[in-house]
Amino acid sequence: MFHSTRIKLTAWYLLIIMSVSILFSITIYSGINRELKRIETFQKIRQERFENRFRDFSIPPPQIQQGLEEIQNSREHLILVLVFINIGIFILSGGAGYFLAGRTLLPIQEMVDEQNRFITDASHELRTPLTSLRSEIEVNLRDKNLTLAQTKKLLESNLEEVISLQTLSDTLITLTRHKKTQAAFIKLSLSMVIAEAVKKIAPLAKQKHITITTKLRDSIFEGEKQSIVELFIILLDNAVKYSPKNSKVTIAEESSDSFLIVAVTDCGIGIGQKDIPHIFNRFYQADKARQKSQAGGYGLGLSIAKKIAETHKGSISVESKINKGSIFRVKLPIL
Ligand code: ADP
């Protein structure tokens, strides 16, 4: 599809350039030709005068005749030069046009590829709970002696899958939302934002007896409140999810002159060096077997966090050691 669009775009570039070039050639030719015609007429008048004067001596006027031939040659030569110039322009602009069309279409192609990848990943993730839901229902429907207790158990299991599907669709919507909108920024207090995120994660942390400690200087920065809170919820949620019971999670401010740096540190399972470059990719989950029992996410949280940080002209980085813990650093421009 992109190849044919590239060819079409090249054809349009060529059409425009060649129209201009041919128009110029015609203008140049008619300008020079007018001048040649004027000289030709002048030479012909001279020839006629010469012939009238020397008619009786029958002497041919060699120089005038030669001049007229030269004019005709120049005219042919000019046409030839203009044709060659136009062929040259056609070849050059064809090549340049094809190259430029490729450059123009590249971001669109990347965007379409990205969207296709997103659709494939999302449908892949949706298929797993749907398949399990379907097979469970089918198997139980075939069972003629299904008891009320079994039906209840089936419905409970179905509900679990439905909740899982709902979480996934909500996360996917969040991801596209951050993709599209440029946030409406307001002045934010870091301690307020963190307090809100901690409040959301507190029940989960309590379940695992994890203490969340904050070491903040309360800087003021600009951002879209809901997105920034969401960013820290994602990091805190991961820190708690991937930490053992009775451990600690710390949120500390490490501001530099022009940036606000907030580090979320946990003493959890850590991330392997081979996984670190990929954890911000959509649907990427490091070492599924090691963490599956406790986590149960979809590998979308960090890609959302990264998107939020980037929308705020900031960034997010990670330092981690297996079985020692992880530090996620959020860097945001300060006021
Ligand atoms: P998920 O929903 O699976 O947590 P994320 O995008 O939030 O998705 O994280 C991607 C992967 O990065 C996780 O599956 C996990 O392997 C790893 N990860 C993220 N945060 C941590 C952390 N604090 N400790 C250990 N591993 C983490």
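Is E196 buried, partly exposed or exposed? E196 is partly exposed, with a relative accessible area of 30%. The notes below take up this residue's salt bridge, two others and one helix pair. The model is predicted.

1. **K225 and E196.** K225 forms a salt bridge with E196. The closest N and O atoms are 3.2 Å apart. K225 sits in helix α5 and E196 in helix α4, which spans residues 190-207. The two residues are 29 apart in sequence, and the pair links distant parts of the chain. K225 is partly exposed, at a relative accessible area of 28%. For E196 the value is 30%, again partly exposed.

2. **R329 and E319.** Here the salt bridge joins two strands: R329 belongs to β7 (residues 325-333) and E319 to β6 (residues 315-321). The closest N and O atoms of R329 and E319 are 2.9 Å apart. The separation along the chain is 10 residues. R329 has 21% relative accessibility and counts as partly exposed. That value falls in the partly exposed class because buried means under 20%. E319 is also partly exposed, with a relative accessible area of 44%.

3. **R282 and E114.** R282 forms a salt bridge with E114, with 3.2 Å between the closest N and O atoms. R282 lies in the loop between β5 (259-266) and α6 (288-291), while E114 lies in helix α2 (residues 62-142), so the pair ties together parts that are 168 residues apart in sequence. R282 counts as buried, at 16% relative accessibility. E114 counts as partly exposed, at 26%.

4. **Network and total.** E114 and R282 do not stand alone: salt bridges that share partners join E114, R117 and R282 into one network. A search of the whole structure finds 11 salt bridges.

5. **Helices α5 and α7.** K225 lies in helix α5, so the packing of this helix deserves a look. Helix α5 covers residues 225-241 and helix α7 residues 301-311. The two pack at an angle of about 145°, with their axes 9 Å apart. Their crossing is left-handed.

6. **The α5 and α7 contact.** On the α5 side, the contact is made by S227, I228, E230, L231, I234, L235 and N238. On the α7 side, G301, L302, I304, A305, I308 and A309 take part. By class, the contact has nine nonpolar, three polar and one charged residues. The charged residue is E230 of α5. Gly counts as polar, so G301 of α7 belongs to the polar group.

Conventions: Residues numbered from 1 in each chain as written. Predicted model: local features only at pLDDT ≥ 70, side-chain atom pairs only at ≥ 80, totals over all residues. Heavy atoms only, no water. Axes fitted to C-alpha atoms, helices over the stretch in contact; angles between N-to-C directions. Helix = DSSP H or I, 4+ residues; strand = E, 2+ residues; numbered from the N terminus. Left-handed = near helix turned anticlockwise from the far one by under 90°. Contact = heavy atoms within 4.5 Å. Salt bridge = Lys/Arg side-chain N within 4 Å of Asp/Glu carboxyl O. Buried < 20%, exposed > 50% of the residue type's maximum accessible area, 1.4 Å probe, protein only.
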